[in-house]
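Trainee: Could you take me through the sheet of this model with some care, strand by strand, and show me how the rest of the chain is arranged about it?

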Amino acid sequence: MKRPQDPKDSTVEFIVWGLSPKNPEHEAPLVTGLNSQEQAQAAIETLRVEHGCTELRVQRLDLAQNPAALWQSPNLLNL
C-alpha cells in the first residue's frame, strides 16, 4: 500500500479545471492542491456525478520548476 504524500513534501500539484453548472461558459479551476493523479481522477468523478460539472481536465503543475524558464524556452513561439 502506497503511503499518502505529505503536501509539504510534494513539488507537484494537480489542479482540476472545468465548467461548473453555475458558470458553464467559462473554464475555471474547480479543485486545487491535489497531490496525485489518483486524487485528481477521484475529484473529477465527484465533480461530474455529484455536481454536474463538464469538460473536466487535469493540469499537472511542477512547483519546483522556475516559471521564468518557460519564457526562455526555444519551444515558445514568438508571434
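Mentor: What follows looks closely at the sheet, beginning with the chain as a whole and ending with a single residue.

Please keep in mind throughout that this is a predicted model. The protein chain holds two helices and three strands, and when it is read along the sequence these elements come in the pattern β-β-α-β-α.

The three strands make up an open sheet whose order is S2-S1-S3, with antiparallel pairing. The edge positions belong to strand S2 (23–34) and strand S3 (54–62), and because each of these has a single partner strand, one side of each is left without a neighbour in the sheet. From one strand to the next, the twist averages 20 degrees.

Turning to the individual pairings, strand S1, which covers residues 12–20, is joined to S3 by seven bridges, and the two run antiparallel. On the other pairing, five bridges link S1 to S2, again with the strands running antiparallel, and the connection from S1 to S2 is a hairpin that passes through two residues. Phe14 is a convenient residue at which to see both pairings, since it stands opposite Arg60 in S3, while its bridge partner in S2 is Leu34.

Helix H1, formed by residues 37–51, packs on this sheet and touches S1, S2 and S3, and the direction of the helix makes about 160 degrees with that of S3.

As for the side chains, in a regular strand they alternate between the two faces of the sheet. For one residue in detail, consider Ser20, whose place is in strand S1. Its relative accessibility is 19%, and since the limit for a buried residue is under 20%, Ser20 counts as buried. When neighbours within four places in sequence are left aside, Ser20 is in contact with Leu30 and Cys53.

Finally, a few totals set this part within the protein chain. Buried residues account for 23% of its 79 residues, and the protein chain exposes about 6,500 Å², of which carbon and sulfur atoms supply 53%. If one takes the contacts between residues at least 6 apart in sequence, 48% of them join residues that are at least 24 apart.

How values were computed. Residues numbered from 1 in each chain as written. Predicted model: local features only at pLDDT ≥ 70, side-chain atom pairs only at ≥ 80, totals over all residues. Heavy atoms only, no water. Pairing = 2+ DSSP bridges. Helix = DSSP H or I, 4+ residues; strand = E, 2+ residues; numbered from the N terminus. Axes fitted to C-alpha atoms, helices over the stretch in contact; angles between N-to-C directions. Contact = heavy atoms within 4.5 Å. Buried < 20%, exposed > 50% of the residue type's maximum accessible area, 1.4 Å probe, protein only. Areas by Shrake-Rupley, 256 points an atom, 1.4 Å probe, with all protein chains shown as cover.
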